[in-house]
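Hi,

Here is the structure I promised to hand over. Please open it first, then read my notes below.

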There are 2 protein chains.
Amino acid sequence: MSRLTRNGDPRAAQTLKAQLRLRQMILDGELSAGERVPELMLVERTGVSRTPIRAALLRLAEEGLLEPADSGGFVVRAFDEADVYDAIDVRGMLEGAAARRAAQRRPSRADLSDLRDCVGAMDAIVARRTLGVEQFLDFVRLNERYHALLVGLAHSPVLTRAVERIVTLPFASPSAFVMAQSELADARRILTLSQEQHRAILEALAAGANERAESVAREHSNLAKHNLHAAAKRDAPLDKIAGGNLIRLRMAAV
Amino acid sequence: MSRLTRNGDPRAAQTLKAQLRLRQMILDGELSAGERVPELMLVERTGVSRTPIRAALLRLAEEGLLEPADSGGFVVRAFDEADVYDAIDVRGMLEGAAARRAAQRRPSRADLSDLRDCVGAMDAIVARRTLGVEQFLDFVRLNERYHALLVGLAHSPVLTRAVERIVTLPFASPSAFVMAQSELADARRILTLSQEQHRAILEALAAGANERAESVAREHSNLAKHNLHAAAKRDAPLDKIAGGNLIRLRMAAV
DNA sequence: TTAACTTAAATTGTATACAATATTGCGGCT
DNA sequence: AGCCGCAATATTGTATACAATTTAAGTTAA
């Protein structure tokens, strides 16, 4: 890399800075759901002027973390339990479709081995004697990579984009479930189960079993749903999920 | 319309104006695919200042009609045949899923009758002695309404939004096929076939036949694909589709 | 006390000025 | 001719000033 200006183009540096900071503020709960986000407050906290702040607000609204207020400006979006399940559900559907197409296309050996590498690395983590925060974060990264690779194998830009849009909601991400139960005793059991599904999808892809690829990928998303449900029943652990503070659960019959 | 824009109020009037005009310019082919879109040119043509122009550019980029240029700014996005089929395919998948869920939920009589009204109105158009541009436009509007209602019946905000995002690409819209063959002699035959599918979906919904609802809704999107394919083979009629100029078809083996 | 009105502050939408970077066209050179 | 500097231009990203509108506070009247 001879040019420093290549990857993080300094042209939109201020906008990017504002965008990242704002997203962090929302996900960390620094701003609570339903709250207005005045531009001047962001100017003060980020040190950039209103123009890039404005661009960042538009982008975050597109991501779905903000929504326009009636009188102008934006408020932090609030989600309820139904939204969460809905998002996971649709993600499962899209990933299922992606898996099916991927299997139909007969992925190359190189692609398959990329996936296998992911699974292997995750296996290594699960096999460890103790699981700390470090390990969880590593697992999350690998898991996200696995899912991104899987979706990419469908070679459908539209599908890929659709999944990306949903996954920007942090609790809809394929790794939300990992953090959701990071304190539960049976964390390892869940990760292991998840890995079995990863492997099953992989096998189905390799075998061109498109039906099976789809159904397993779809079922895989149910793991996330069940886990979040379990977490919700215990009432507390939603804070562990990025953006968990955005979820307004009217805890009730379960 | 998108949830991101407050349409009624005069607060964002300039931005909205710029957004609408720019979209029109792109879809009408006033700007050709791959072309840069300088802000000052838009300032000149729309009469609003750079700030709302900028907002409009961001929004159109989000819609997918523009893409960011390496050196900053935006260019009109170009699509190829594969993109078009891909988009229609994914739309079909999503509408299929929506139809399935709608059937599972057992839509209310009121909802069903809304759909029935659409179909009825479209029937009336198809039954006419002659079909002119007027009739086609009416059919398009009704068809779009039918599809929007159908997707809405799934009661999945995430799914709805995903479809909306895809449909902003004009050639992926459920009505693209209507204009695609507006000059062909067998237009009425196609519309009739389309109506049969509309009716079949409706019946499946009423009967709670979720499998059937899904498969018919899915198949329905293939009609669009086949029609575009036929249109592409004849080489010319793509101009009839809104945004057809954005499609770079490397016409080849068909 | 509460409701309504008035005024001040805050906040957004818009326009414009400025700085940094990209692009273009031209002249000179090999 | 063809290619490389280099200046002139164009274009974007950012900051800030201004106007219109909304929100809030404070005051008065019932």
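One term before the findings: a polar contact is a pair of N or O atoms within 3.5 Å. By that cut-off, a phosphate oxygen of DNA strand D and a polar backbone atom of A:Ser49 qualify, at 2.8 Å. Keep in mind that this is a predicted model.

Two more backbone contacts go to phosphate oxygens of DNA strand D. A polar backbone atom of A:Gln14 sits 2.8 Å from one. For B:Glu39 the distance from a polar backbone atom is 3.1 Å.

Now the wider surroundings of the strand. There are 20 residues around DNA strand D, and those that come nearest are A:Arg11, A:Gln14, A:Thr15, A:Thr51 and B:Arg54. On the DNA side, sugar and phosphate make up 69% of the strand D atoms that come within 4 Å of the protein.

Both chains supply helices here. Chain A brings helix 1 (13-27) and helix 3 (50-63), and chain B brings helix 3 (50-63); each gives at least two residues to the surface near DNA strand D. By type, the residues of that surface are six nonpolar, seven polar and seven charged.

Next, the two protein copies. Chain B superposes on chain A after a rotation of 180 degrees, with 0.0 Å of shift along the axis and an RMSD of 0.0 Å. The two chains are therefore related by a two-fold axis. In chain B, B:Ala162 has the C-alpha nearest that axis, at 3.2 Å. Both copies use the same surface: 86% of the contact residues of chain B recur in chain A.

Best wishes

Definitions and conventions
Residues are numbered from 1 along each chain as its sequence is written. Chains are lettered from A and ligands numbered from 1 in the order in which they are written. This is a predicted model: local features need pLDDT of at least 70, side-chain atom pairs count only at pLDDT 80 or more; totals for chains, interfaces and linings use all residues. Side-chain values use heavy atoms; hydrogens and water are left out. A residue is near a molecule or strand if one of its heavy atoms lies within 4 Å of it. A polar contact is a pair of N or O atoms within 3.5 Å; within protein, one must be able to donate a hydrogen and the other to accept it, and residues adjacent in sequence count only if both atoms are side-chain atoms. Helices (H or I, at least four residues) and strands (E, at least two) are DSSP runs, numbered from the N terminus. Ala, Val, Leu, Ile, Met, Phe, Trp, Tyr, Cys and Pro count as nonpolar, Asp, Glu, Lys and Arg as charged, and the others, Gly among them, as polar. Copies are superposed by least squares on the C-alpha atoms of residues with pLDDT of at least 70 in both. Contact means heavy atoms within 4.5 Å.
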